[in-house]
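Please look over the two-chain structure shown here, with attention to how its chains meet and where its nonpolar residues gather.

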Amino acid sequence: MVRISYQWLKDLIDLPESPETICEVLTHLGFEVEEMQHIPAVPERVVAGYILNIEPHPNADKLKWVTVGLDGEVKKIVCGAPNVALNQWVAVALEGAKLRDFVVTPRTIRGIESDAVICSERELGRSDDHSGIWVLGTLDNGEWTAGEPLEKRIVSDTIYSIEVTLNRADCLSHLGIARELSAKFKRPLHLLPTPIQELNIPTSQIISVILDDPIGCPRYRARVMKDVAANLPSPFWMRERLKWMGTRAINAVVDVTNYVMFETGHPLHAFDREFLYGNVIGTRKAKPKEVFYTLDEVERVLSEQDVLIRDAEKAVALGGIMGGLNSQIRETTKDLLLEAAYFDPITIRNTSRRLGISSESSKRFERGADVNGVVYALDRATSLIQMLCGGEVYFSAAESYPSPLPPRSINLRMKRLHLILGYESTTLTEASDLFNQLNCQTTPIDGDTLKVVVPSYRHDLQQEIDLIEEVARLKGYSLIPTQDKATIPLTNPQNEHWLARMRWNEWARQFGLTECISNTMVDPNDLAILEILEGAIQIANPIASELSAMRTNLLVSLIHTVNHNLRHGRKSVAVFEIGKVFGKGLIPSSSFERWHIGIALSGNSEAEWWSVSKPKPYSASDVVGILERLFQLHIHCEIRPKDTFGVLEEAFEIFHQDALIGYAGKLDGAVKKEKLTEKVRAIAKHFDIDQPIWIIEFNTEPLPVQFKIPQYQPFSRYPEVERDLSFSIPEHLTAEKIVKTAKSAIEDSNFSISISIFDRHHDEKNQRISIGLRIKMQSFEKTLNENEINDVVHKVLEKVSTLEGVQWRSAM
Amino acid sequence: MSNLEEHIRIAKQKFHQALQDTAPEAWETLKNTFLARKGIIAELFAMLAECTPEEKRHYGKTLNELKNEITEQIERLKSKVEFQLRPKRLDPTLPGKPYPYPRVHPLTQTLNRIVDTFARMGFVVEEGPELETAYYNFDALNTPIWHPAREKSDTLYILNSTSEYELLRTETSPVQIHALEKRGVPIRIISPGRVYRNDKPDATHSPVFHQVEGLCVDEKISMADLKGTLLGFYRAMLGSRIEIRFRPHFFPFTEPSAEVDVTCPFCYGNGCRICKQSGYIEMGGSGMVHPNVLKGVGVDMEKYSGFAFGLGVERLAMLLHGVDDIRLFYENDLRFLEQFA
Ligand SMILES: [Zn+2]
């Protein structure tokens, strides 16, 4: 983000366009203007005045009665500002001046007449600052004339906050933005002149530059000045501009270095020469663990990768990042050394990262400054300092630049340009002109190729494609046409994993479940209590400790989803999630990232409705019923009951081709918590669960993704006969055992026979279960006769009756 | 026989009295008294026999009228009683049976619309891991080593990382590299998926969100193809009046790069609250695949060129459904989810 003043740009280029137009142009050059702040001119009838006298207001403690000197007259004004002081230059609004919120008229304030206002910035509409009056300067510098109208000197401006993309460090300044506008508008830049009164003693006789680290700092240039009045404040216009750049004014010398940086983009540094020893300035690498105090009074522990600026004896600045406490400009500074250097981006980046310092200077050097920009920046600063603070300047500059960085030259082929941009209207001559506008030297190599030598500040122009972007950008992206013909044959089938997941989504919805999507980053404490933390992938720099582990199972997400909704008034929740889980988890897998499906059921399986007085709660039957429907996707899983699975009770294991792929079961949270085991109670307490949650979760990765197209099976056209048998069985016998036994009786039958359970009643008192078997039979060849039917029924009856403790009750 | 008239009058009076005194359920008693073979009306008809032919005609008519009236009244009573006695019909104003009503998550719905739209343009889905390496997430995408996206303040890194995973991918762009390595060129894919950023959650930021990345590489692919593809896509998603606008930008893996704006689908460019009066809505980044990216995966960058683009699924879903807080997508509140039928 860089702040750019519209008026400042106008110093560098003619801009007849309005601030709004410039905003639009910048946007389409790739500089997004995030904010535009309009600062109005000072209104008419507001004049400069100075404070002559301050008396207390006779009738009010907090008010003062201030005498202000204007053009040949004095005015007595009632003023409440805390910062009003003698000898200040202030903005005085006379009768009739239209301020932001009111027009000045004579008023009587607590018994004293007052017909003018000493303005705050807010009253003038220039900022929201109303902490006190706006101080324009002090009487000892003659910047203002008493009574002069301010509207001529304090004009309106617009401050843009511009998002400069990372590759365009060259645009972190007014000059940089002006260069872009110059290329866009094909309008010349006005580099401001740098008049300097020089002595005839060359700077190189005064000081020598010695570079011991020419990689960290390839170029160092310095000027030396003496008898400078460094204690002067900088003038109003400079302080005002620095304020809009977000920098506090300090003294004229420091302010100039900042000002020139905001103008040219090149960071500068000024040293008090009194504290430089040995007429030497230069660089060296820091020693390991060397300690250096930067001017923000912080002790910095350095490493060998850092560049230090040093004199004959000691380090005086952390190169390209921050000056040293030992040589900064003070009120008494008379002799100056002004540095303009170019630092290696990687070196500065490493140092600033490691030390955690991000300064206006480091920000520019680490993204790439202009190695050739040092000359102008140094002269501009020297000229401004001499103008503001006087002083004598030695002839020219002292410099070391042992191995000049070679200019980059790139070939641009017009054919390639046309191909990439999709339009062919750009000619070689036009491209050549366009690059000349960007300060590139161009030479046509042949009819199709242009050799482009890029300026030293354009670090982003590295290869042909970057030049192509420049053409597109300057001509405008709106010229790119829209091509809507496909160029690849459309033969690719859709990704089958994607399609499979869509099928899974449909499959889960048929049970009335709503889809959920949860954060995959979870609280490791949740995983720990669910006993699924082992092998979890954890984040080194989490956003919060509650988001520091990757979920190993959907279980944790499902519990939160159910809980959230139960806590917000739901009595029943039936949801599913298809999502990734990571690390080890409950279900063995060789991959550390895989897609699971999870289902959670809690509350009642029937919706609340006037016709249902006692809705059925979810039970193991819902879980089994859902899992049985996997056959719809032609997936044949085996569901093996188990007492517990992990922290779940009444559990099932889901097997596919003998591999465990999932589980189901109940996480209890009964109202009567004393019934729960210690473990389950701890979980119920941790998650604040007070009703059972049934969970199903399985890994979909081992399951087929290509779904079989169903194949037609012929069915019998003869009638189907149904016979029921009822047995009393002991409690330990399972339904599965009875059905299996019954089926074994009719294995060799020629008929198609199905056996199912149609009724079950548990007589707990007598510890018996009565169970009803339904036999359906059918022949492909004929209608079954009574003998054949009875034969089947009899076989089943006989076989089942052989099971110990089974009694036949009746045939129906 | 002039007293017949009097008899008829009395019978009529009697009936009306009886009608008032008799409970509706006793309608049969009324019928027996008045209409039975030996009932009051029959008796009166019998009396006609003694009349002159003229009187017969006159009183016969009056008697018939009375008989009809009585029959009608009794029938009315009867049907009233019968209706009340009939087995009751269900109150038709009662609410019906609440069948289960499953919903697809709005993000899945949006993702499906995106994928289906691109599928019609010949883009197929290609997916990649969420646990990534710095090589795929940054290096192979031409991200300079100093790029701030690599900072811990932007990217979530894995504790005890391995050569297989070092970080949570910050974009679905690494799938470009996996796909180019796996399928080579020409290629036309989209990669939807979850990405992670080191962002504190608030109304417009979620540390987890979804992106769809698109990639097309072939001979002679130009920026005009990119523009055409995105225009087609956004028109399919947001309506045929949508226009798109490219603005220059910088992304390490594309050059030239463009930020994609679409006409605000709420005001069609006139400016409204949703587009903050600009008439445009920023949808995501795009550009021509950087030659360094192609070179890195061994694609002949002279022969082939391509484009890539990315878009945020939550952003689009928020726009389509008027959702103003991104966190709603991950809270799984049924009061939210059930609105997206
Ligand atoms: Zn709008």
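The report below treats the contact between the chains and then the nonpolar cores.

The model is predicted. In it, 98 residues from chain B and 82 residues from chain A take part in the contact between the two chains, and together the chains bury about 7400 Å², with 59% of that area on carbon and sulfur atoms.

Polar and charged pairings also span this contact: there are five salt bridges between chain B and chain A, and 39 residue pairs, both at pLDDT 80 or more, are in polar contact. One of the salt bridges joins B:Glu338 to A:Arg570, whose closest N and O atoms lie 2.9 Å apart. On the side of chain B that touches chain A, helix α8 (residues 223-238) of chain B gives the most, contributing seven residues. The residues of that side are divided by type in the table.

| Residue type, side of chain B touching chain A | Count |
|---|---|
| Nonpolar | 52 residues |
| Polar | 19 residues |
| Charged | 27 residues |

Turning to the cores, the largest nonpolar core has 153 residues, and A:Ile162, A:Leu181, A:Met521 and B:Tyr234 are those with the most contacts inside it. Its largest share, nine residues, comes from α8(B), the helix that also gives the most to the side of chain B touching chain A. Leaving aside residues up to four places away in sequence, A:Leu181 touches A:Leu9, A:Ile13, A:Leu15, A:Ile22, A:Val25, A:Leu26, A:Leu29 and A:Lys186. A second core, separate from the largest, has 37 residues, among them A:Ala222, A:Leu318, A:Phe343 and A:Ala398.

Methods: Residues numbered from 1 in each chain as written. Chains lettered and ligands numbered in written order. Predicted model: local features only at pLDDT ≥ 70, side-chain atom pairs only at ≥ 80, totals over all residues. Heavy atoms only, no water. Contact = heavy atoms within 4.5 Å. Buried area = accessible area lost by both parts, 1.4 Å probe. Salt bridge = Lys/Arg side-chain N within 4 Å of Asp/Glu carboxyl O. Polar contact = N/O pair within 3.5 Å; in protein donor to acceptor, adjacent residues only side chain to side chain. Helix = DSSP H or I, 4+ residues; strand = E, 2+ residues; numbered from the N terminus. Nonpolar A, V, L, I, M, F, W, Y, C, P; charged D, E, K, R; others polar. Core = buried A, V, L, I, M, F, W, Y, C linked by side-chain atoms within 4.5 Å. Buried < 20%, exposed > 50% of the residue type's maximum accessible area, 1.4 Å probe, protein only.
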